[in-house]
Amino acid sequence: MTQTLNDQLNAYRAGLDAGRLLLLSCRSCGKRFHYPRHRCPGCLGDGLEYTEASGQGSVHAITQMSTGGDGSRLVAMVELLEGPRVTAAIVSEGEVSVGDTVVWASAEDVNAAGCPLTFRPVPSAL
Ligand SMILES: [Zn+2]
C-alpha cells in the first residue's frame, strides 16, 4: 500500500521524538534521501521505506546566525555518512569548520539548540 505524505511526515516526526534520524530509501533504485516525500526524487517511485541514519556526518557548509542582541547560533549543512545533506544546528564550545566530523546530538543538546536536527563535533575534531 502506498503511503501518503502525511504518513511519511508522522513517521519521520515520531522518529525525531524518539531521538532517531530517519531517511527514506527507495525500493526501486536504492536512493536514500531526506526530508520526507511521497515519491523518490531519483526515479519517482513510490515504494519507500524508512531506515535509521547512522547519525554520523561531516560539515559541508556552516554559518553563524544572529539570534538578536549578542546571541548567535551555528547552522550547518551536514552531509550524512549515508549521503543526504541536512540543514541542522551545531552545538559546540569550540570552532567548527567545513570538513569537521559531527555526530547526531543528545536530547540535551537538541533542547539547548531548540532544533530537532542538531549535531555536535566529535571530540577529535575539536
Ligand atoms: Zn528511486
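Reading from the N terminus, the elements of this chain go α-β-β-β-β-β-β-β-α-β. That adds up to two helices and eight strands. Keep in mind that you're looking at a predicted model. The domain assignment splits the chain into domain 1 (5-52) and domain 2 (56-125), so let's go through the pieces one by one, starting with the overall layout.

**The whole chain**

- Along its principal axes, the C-alpha trace spans about 50 × 25 × 20 Å.
- The chain has 126 residues, and 24% of them count as buried.
- Take the contacts in the chain with a separation of 6 or more: 46% of them involve residues 24 or more positions apart.

**Domain 1: a helix and an open sheet**

- Three strands make an open sheet here, in the order S2-S1-S3, and their pairing is antiparallel.
- Why do strand S2 (32-33) and strand S3 (48-52) each have one side without a neighbour in the sheet? Both stand at the edges with a single partner strand, so there is nothing in the sheet on the other side.
- Strand S1 (residues 22-26) runs antiparallel to S3, and five bridges join the two.
- Helix H1 (residues 5-17) lies across S1 and S3, and its direction is at about 140° to S1.
- Asparagine 10 is one of the residues in helix H1. It counts as partly exposed because it has 13 C-beta neighbours inside 10 Å.
- Asparagine 10 and proline 36 are 26 residues apart along the chain, and 9.5 Å separates their C-alpha atoms.

**A closer look at cysteine 26**

- You'll find cysteine 26 in strand S1, and its bridge partner in S3 is leucine 48.
- Is cysteine 26 buried or exposed? It has 20 C-beta neighbours inside 10 Å, so it counts as buried.
- If you skip its neighbours within four places in sequence, cysteine 26 is in contact with Lys31, Cys40, Gly42, Cys43, Gly45, Gly47 and Leu48.
- Glutamine 56 is 30 residues from cysteine 26 in sequence, and their C-alpha atoms are 21 Å apart in space.

**Domain 2: a barrel**

- Which strands close into the barrel, and in what order? There are five of them, in the order S4-S5-S6-S8-S7, and the pairing is mixed.
- On average, neighbouring strands of this sheet are turned by 50° against each other, ignoring direction.
- Strand S4 (residues 56-68) pairs with S7 in the antiparallel sense over three bridges. Serine 58 stands opposite threonine 101 in S7.
- Strand S7 (residues 101-104) also pairs with S8, again in the antiparallel sense, and this pairing has three bridges. Valine 102 sits opposite proline 121 in S8.
- Strand S6 (residues 85-90) pairs with S8 in the parallel sense, over two bridges. In this case alanine 89 stands opposite threonine 118 in S8.
- In strand S8 (residues 118-121), Thr118 and Arg120 point one way while Phe119 and Pro121 point the other way, and all are buried.

**The nonpolar core**

- As a rule, nonpolar side chains in soluble globular proteins tend to be buried together.
- The largest nonpolar core has 24 residues, and the ones that touch the most other members are Ala76, Val78, Ala88, Ala89, Ile90 and Phe119.
- S1, strand S5 (71-80), S6 and S7 each supply at least two residues of this core.
- Both domains chip in: the core draws at least three residues from each of domain 1 (5-52) and domain 2 (56-125).
- Leaving aside its neighbours within four places in sequence, phenylalanine 119 is in contact with Gly57, Val78, Ala88, Ile90, Val102, Val103, Trp104 and Ala105.

**Where the domains meet**

- The centres of domain 1 and domain 2, taken over C-alpha atoms, are 22 Å apart.
- How many residues of domain 1 are in contact with domain 2? Seven residues of domain 1 are in contact with seven residues of domain 2.
- On the side of domain 1 that touches domain 2, four residues are nonpolar, two are polar and one is charged.

Note on methods: Residues numbered from 1 in each chain as written. Predicted model: local features only at pLDDT ≥ 70, side-chain atom pairs only at ≥ 80, totals over all residues. Pairing = 2+ DSSP bridges. Helix = DSSP H or I, 4+ residues; strand = E, 2+ residues; numbered from the N terminus. Contact = placed C-beta atoms within 7 Å. Axes fitted to C-alpha atoms, helices over the stretch in contact; angles between N-to-C directions. Nonpolar A, V, L, I, M, F, W, Y, C, P; charged D, E, K, R; others polar. Buried ≥ 20, exposed ≤ 12 C-beta atoms within 10 Å, placed from the backbone. Core = buried A, V, L, I, M, F, W, Y, C linked by C-beta atoms within 7 Å.
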